[in-house]
Amino acid sequence: MSVSHASIHPVEDPTTTDGGNNNAPRVRMNDIQGMPGTKGGLALRLSQFVFAVTALSVMASTSDFASVTAFTYLVVAASLQCLWSLCLAIVDIYALLVMRSLQNYRIVISFAVGDGIASAFTFAAACASAGITVLIDNDLDSCDDNHCLQFETATAMAFISCFSALPSFLLNFWSLASR
């Protein structure tokens, strides 16, 4: 029986047509857009940041937000979301510039835990603010005396910021679960 073996018939390396320049960036198969260190991840971080800054600035622009605990909680949660998203956006920009993968176990777990905490915190604050806004608008019918439009806008922006953090959290969590 004649069987050929790899050691007898080695396969040669194909020649390159670009002059031997093999420094082109390669696509990593396990980097899904939206994960840390990708353009999709950077877009998610920037959208989280923009919506959290909008919620923070709209709520802080009203003169009487400090009189309601839920609105103060929204300002604190939006501030935390702004800081978290901005820091991770800077890390994503760095990783994209130096073409470095952020798929280290410790990095991914810290991103997943941080995203989960920040998004739960923002979601709880947005829910509390929505409840107070509905109370002021529908039940007390005193929107003429308050800044209901600003309260509703800030609450909606906080919800959108929270929901834009959700894909990052789910992708990081999925990456941890699939190891």
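No disulfides are counted in this predicted model. The sulfur of Cys127 has its closest cysteine sulfur in Cys162, at 7.9 Å, and because this is too far for a bond, the two residues remain unpaired with each other. Cys162 is likewise in no disulfide, the nearest cysteine sulfur being that of Cys127. With regard to solvent, Cys127 has a relative accessible area of 34% and therefore counts as partly exposed, whereas Cys162, with a relative accessible area of 4%, is buried.

The secondary structure of the protein consists of 4 helices and 0 strands, and the order of the elements from the N terminus on is accordingly α-α-α-α. Helix H1 covers residues 39–60, helix H2 covers residues 69–97, and helices H3 and H4 span 105–139 and 148–177, respectively. Of the contacts in the protein with a separation of 6 or more, 79% are accounted for by residues 24 or more positions apart. Buried residues make up 36% of the 179 residues, and the accessible surface of the protein comes to about 10,800 Å², with 66% of this area belonging to carbon and sulfur atoms.

The largest nonpolar core has 17 residues, and those with the most contacts inside this core are Met59, Phe71 and Leu74. The elements that give two or more residues to the core are H1, H2, H3 and H4, and among these H4 gives the most, with 6 residues. In soluble globular proteins, nonpolar side chains tend to be buried together. When neighbours within four places in sequence are left aside, Met59 is in contact with Phe65, Phe71, Leu74, Val75, Phe151 and Ala154; two of the residues named here, Phe71 and Leu74, are also listed with Met59 as having the most contacts inside the core.

Helix H1 also contains Leu44, a residue that counts as buried because its relative accessibility, at 19%, falls under the 20% limit. Residues up to four places away in sequence not being counted, Leu44 touches Gly34, Ser164, Pro167 and Ser168. The separation between Leu44 and Ser161 is 117 residues in sequence, while their C-alpha atoms lie 9.5 Å apart in space.

A further link between distant parts of the chain is provided by the salt bridge, of which the structure holds 1. In this salt bridge the side chains of Asp115 and Arg45 meet at 2.6 Å, N to O. Asp115 belongs to helix H3 and Arg45 to helix H1, the two residues being 70 residues apart, and the pair thus links distant parts of the chain. Both Asp115 and Arg45 are buried.

On the surface, a nonpolar patch of about 420 Å² is made by Ile93, Tyr94, Leu97 and Val98. One of these residues, Ile93, is placed in helix H2, and its relative accessible area of 38% is the reason why Ile93 is classed as partly exposed.

Notes:
Residues are numbered from 1 along each chain as its sequence is written. This is a predicted model: local features need pLDDT of at least 70, side-chain atom pairs count only at pLDDT 80 or more; totals for chains, interfaces and linings use all residues. Side-chain values use heavy atoms; hydrogens and water are left out. Buried means under 20% relative accessible area, exposed over 50%, partly exposed in between (1.4 Å probe, protein chains only). Contact means heavy atoms within 4.5 Å. Patches are made of residues with over 30% relative accessible area and no salt bridge: like charges are joined within 9 Å, nonpolar side chains (Val, Leu, Ile, Met, Phe, Trp, Tyr) within 5 Å. Accessible areas come from the Shrake-Rupley method with a 1.4 Å probe; for residues, only the protein chains shown count as cover. A salt bridge is a side-chain nitrogen of Lys or Arg within 4 Å of a carboxyl oxygen of Asp or Glu. A disulfide is a pair of cysteine sulfur atoms within 2.5 Å. A nonpolar core is a set of buried Ala, Val, Leu, Ile, Met, Phe, Trp, Tyr and Cys residues joined through side-chain atoms within 4.5 Å.
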